[in-house]
Structures are given as structure tokens and as C-alpha cells.
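Visitor: I would like a close look at one small part of this model, followed by a tour of the rest. Please go slowly, as I am new to this.

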Amino acid sequence: MLQELTIDNLAIIKHLTLEFADQMTVLTGETGAGKSIIIDAVGLLAGGRGSQEYIRRGEDKLNVQGQFAIPNDPSFDRLLDELGIDHEDGTLIISREIHRNGRNTIRVNGELINTTMLRRIGAHLVDIQGQNEHQRLMQPETHLGMLDQFAAEAVTPLLEKYQAHYQDYVKLKAAVNKKQANEQQWAQRLDMLRYQVKEIEAANLKPNEEDELTSERDRLEHFQQINNALQQAVATFNEGEAPVLDQIATVMDAINGIADFDDAYDQLSKSLNDAYYALQDVANEAGSQLDLLEFDDGRLAEIDQRLTTIGDLEHKYGDTVKDVLAYYAKIKRELDSMETAADDNSDLEARLKASAASLKQLGKQLSQVRQHAAHELAKRVHQQLQELYMSKADFEVHFANHPADQFTPTGIDEVEFYIRTNPGENMGPLAKIASGGELSRIMLALKTIFAQNEGVTSIIFDEVDTGVSGRVAQAIADKIKVIAAHSQVLCITHLPQVAAVAQHHFLIKKGVHDNRTTTKVTILSETQRVDELARMLSGEKVTQLTREHAQELLEMAHPHQN
């Protein structure tokens, strides 16, 4: 439900803040006062197309902001979770800015989103029925969705099952088509992948192997230098007439002998002892390394060959061993997939045929459910049309099946609404038979039926009653009132009968301030409502009789308030 709406710099509206309640709110006023601009603002919050032309002259940007109570709809909760929008407090605050430079900024509870996301959110919050909304009825491709919406409880589970099978069918069909269209290319790709996988697997690469081999090769290539250095170290430390360690030991003994005489000598003694034992460890390690040192000319050739193999693979498949292994993992997955498909090629067509048969059976079941629902929908539409003074009209839902081997994501049905408005005439497509006024009433009949099934919390009627009067106007008012019992309704109207049934009444006026046209909205009291209804009944000249008539309209619309 829309709770609050703030508009800044939209067309002739400088600034406007409106609070909305549940049930029905009507907006009335002279043509051009700005009623439809308010609806345009709500449309922008629901993901409608924005334009720089909407920005008030002389301003750099427009801003609209709305506060909505979140509907009790698990699917909507899942959508908000998917988009990362916090909704624990049950409220959504949507803001949208449109700048003259073309920038479009949208936030929902502080999170930046794009227009596509906003449309997905808005579809759960607002349903705007404009003056030309009945043109949707002129598009037969929308009729199936309307029927499914009417029978959602029975249709949705079966449709979801059908669509899951449909996805499998599409994948199988694509695989068969790909195989049949390009078997030679498929075989060439398969052979190449097998060769590459085999080549990389034969190399048995290890992640750090190249670095380790390079280090080992360097040691072997510099064997003589390493050997000479280690021998010199061992000889210097431990051999000859005056081994270094023996000389340091002699010095160490001498310094240790004077360590007790002064702290400086003691520190010198400690440092010398540490140095001696450290050098002794170095001498021992040098001797150990010298004992381990071994030159293997064959091993050097083996390392060179191995590094050449690794280099060749890196030249083909990646800059490093890590890259080669990543490429291997990728092509191995593709090869496994292709080999599985190749193994299945013998029965791929058979699997596709079985999938088509299963899908056709589900499509028939779905069609049967829809046909049953279509019969019920036709009865209820006929009942609503009777109350809208189209009692002679007949409404039917016509079905046509797609060809046996043609499936769509929505099933095997093509659905179109048919109508006969006059007795003795033939039933025909609604788009070709119904007049504009009849389309408006049929749309309202459908909206009345769907009101209890829809999850949308706010329905907006933007002058859908244009071109009707008298008893038809009263019938339309009654229908909108029924819808308002299940959803919040905002309605722009020029009909006093429709305005009278609303629980809340906003009067829209425009005026001139500082040589600029601005829109002003007033929430009418009961007395003010009588005056406004009287104006709608008689025009500018309001008499006591028209006021009495207006008062009677209100009393008839809300008898419980008397």
C-alpha cells in the first residue's frame, strides 16, 4: 500500500507531499490541474519510463519518493532478498532522481538499483490502469497471462512443472540440432580436446615443479664452483697448520679468562662465544653439504629435457604451469561433456522424442486446467457485465493449440478472448468487436474479478470512466468500490458517482505564484466534498439543488455513516 508520496520539480509541481490511507482515494479537479502528474510520479516509482521532459522548467533535476507498506507475499520477500534489500520493518522507501544530464538514480531502502530491478519491485506494489489501459485487451498475446492469473492456484504448480520439463526439452533439442548441423566440426573439436588433454596429462605437471627444477639445474651447472667454495670453507675452518676455529678458540679462552674483571670484558666474552659456536655450526653444515654434493651429468640432461617439455606446454597453453593446469581443467570439463554427449548420440534423438512426448502430455494437462478455468472466468465476466449494463453480451475464451511438435514456455495453448455484444451477431475476437466504452467496462469487470487474487497492494484508475454517464457511471463506481475492499485504490475521475464512493477525497487545483504555474492539493472535509461533487454535477454554477443532490450521492455511497 502506498502510504506517502513526495514530489519535487515534476512538470508543474514544485513540491508536494501527500499521505494516503487504505480503501479508496479519489483525485478530482479541472483538466490540466495536475492530477495525472501525481499518477505519473507513482508510475516512476514503479519503474515507469523517465524523461528529462518531466523536469520542471528551470530546475536541474526532479525527485519523487514514496513509502510503501510491503504486501504479505512470500514471492515478493524472496525478490527483495535476491536484490539485497532489507525489509525487516515491513516498509519500502523508494526514491528516484532524474537529472537533465540524463543520470537516473534509484534507491530502495538506501540500496542503489537499476530500472529493470525497480520494475520487478513495482509489479508487486502498483497496478496503473490508465485511460488507454484497456488497449491491453486488444493484444491477444496477453490473454493467456490473464487467464493464468485468474486460475493461479490451479495453474501455477502445473505450469512450473511444465516449464521445468520444457527447459530439459530445449537443451536436448539444441544438442540434437548442434550435432546434426555440424557433426564434422564437433568431431574435430572432440579430437583436438582429446589430444590436448592427453598431452597435458602425460606431462604430469606439478604446481611448483618448474621452480624446483630450475634451482636444481642451477646447482648442477655450477657444481664445480659450489664444490670449491665448500671445500675451502671446510679446510679454512678445520684443516691446515692453523685452523680458523682453533685460532678463535685460543682467543676465546684468553678473553674468557678476563671476563670477571669488567662488564665490558664479560660482554666481549659472550659475543666471542656466540660467534665461535655459530662458526662451528657453519663449518659442520659446510662439511655436511660437501659430503652430500654429487654431480650427475645424466640428471642435468634429464632436468633440461623436463624444463623443455614444460616450456613447450606453456608456449601452447599458458604462461605458467598454473595457467596450463587451469586450461587443462577447463578443456577436461568440455571434453567430459562432449564425450558424454557422444556416448549418448546413439539415443539422443530417442531421448528428445521421449522428452517431447512427456512435454506434450503435461501441456495437455495444463490445457485442461485452463479450459476449466476459462469456463468459470466466462461465467464470472458475464455476471460482472450484467452489473455494468452489458447484460446482452456473451464472453468466451477461445483455445487454439500449437502444432504437435511446437512447444512454448507457456504451454501448447493459444488463448484469445471472444465476445458478442449484440444478440444475433457472431462471436468474434474482442479486439475486433468491442467499442472503446465496452472495452473499458470489460477491463473493469476483469479487474473486479482479479482484485481478490492479485498480490498488488495499490491499484490506480486514471480516468478509466471517460465517456460514460448515468447508470453506467454508477455501475462503474460500484465496481471500483468493490475493488477497493480488497486493495488500496487511487482514482482520478470526472464522474461525481465515482468520486462519491471514495473514503478519501483530494482536490487538485493549479494556480500562479511568482509568475509560475503550480499545483496545490487539498484534502476535502465532508462539507467540502459536497461542494466539489456539486461542482462536478453542475459545473461552475452550483445551486442548492445540486448541493442536495451531491449530499444524496454521498449518503447513498456511505449509508453506514448516516
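With which side chain does the side chain of Ser269 make a polar contact?

Guide: Welcome! The partner is the side chain of Asn256, at 2.3 Å. A polar contact here is a pair of N or O atoms within 3.5 Å; within protein, one must be able to donate a hydrogen and the other to accept it, and residues adjacent in sequence count only if both atoms are side-chain atoms. What you see is a predicted model, in which local features need pLDDT of at least 70 and side-chain atom pairs need 80 or more, while totals for chains, interfaces and linings use all residues. Residues are numbered from 1 along each chain as its sequence is written, and side-chain values use heavy atoms, leaving out hydrogens and water.

Let us stay with Ser269 for a moment. Ser269 sits in helix α10, residues 263-292. Helices (H or I, at least four residues) and strands (E, at least two) are DSSP runs, numbered from the N terminus. With a relative accessible area of 7%, Ser269 is buried; that word means under 20%, whereas exposed means over 50% and partly exposed lies in between, using a 1.4 Å probe and protein chains only. If we set aside neighbours within four places in sequence, Ser269 is in contact (heavy atoms within 4.5 Å) with Ile255, Asn256 and Ala259.

Another helix shows how buried residues can be arranged. In α3, residues 115-125, the buried ones are Leu118, Ile121, Gly122 and Leu125. They lie on the same side of α3, because they cover an arc of only 100° around the axis; the arc is that of the directions from the helix axis to the C-beta atoms. Where α3 starts, Asn114 has a side-chain oxygen that comes within 3.2 Å of the backbone nitrogen of Thr116.

Now for the strands. Strands of a sheet pair through backbone hydrogen bonds, either parallel or antiparallel. Here, two strands count as paired if DSSP finds at least two bridges between them. One open sheet has 3 strands in the order β9-β10-β11, with antiparallel pairing. Its edge strands, β9 (394-401) and β11 (428-429), each pair on one side only. Between β10 (residues 413-420) and β11 there are 2 bridges, and Tyr418 faces Pro429 in β11. Lying across β9 and β10 is helix α4, residues 143-150, which runs at about 90° to β10. For such angles, axes are lines fitted to C-alpha atoms, for helices over the stretch in contact, and the angles run from 0 to 180 degrees between N-to-C directions.

Hairpins come next. Strands β1 (residues 2-10) and β2 are antiparallel partners over 6 bridges, with Leu5 opposite Leu18 in β2. There are 2 residues between β1 and β2 in this hairpin, and Ala11 in the turn has a positive phi of about 55°. Further along, β14 (residues 504-513) and β15 (residues 516-523) pair in the antiparallel sense over 8 bridges. They too form a hairpin with 2 residues in between, and here Asp514 in the turn has the positive phi, about 55°. Phe506 stands opposite Ile523 in β15.

Phe506 also leads us to the rings. The structure holds 6 aromatic pairs: rings of Phe, Tyr and Trp (its six-membered ring) pair if their centres lie within 6.5 Å, with planes under 30 degrees apart counted as stacked, over 60 as edge-to-face and the rest as tilted. One of them is the tilted pair of Phe20 and Phe506, 5.6 Å centre to centre with 50° between the planes. Phe20 is in the loop between β2 (13-19) and β3 (24-28) and Phe506 is in strand β14, so this pair links parts of the chain 486 residues apart. Phe20 counts as buried at 8% relative accessibility, and Phe506 does at 3%. Another pair, Tyr169 and Phe407, is edge-to-face because the ring centres are 5.2 Å apart and the planes are at 80°. It joins helix α5 (residues 152-181), home of Tyr169, to the loop between β9 and β10, where Phe407 lies 238 residues away. Both Tyr169 and Phe407 are buried.

Finally, look at two loop residues. Asn204, between α6 (183-203) and α7 (209-221), is not a glycine yet has a positive phi near 50°; Asn204 is partly exposed at 48%. Tyr389, in the loop between α12 (321-387) and β9, has a positive phi of about 60° without being a glycine, and Tyr389 is partly exposed at 38%.
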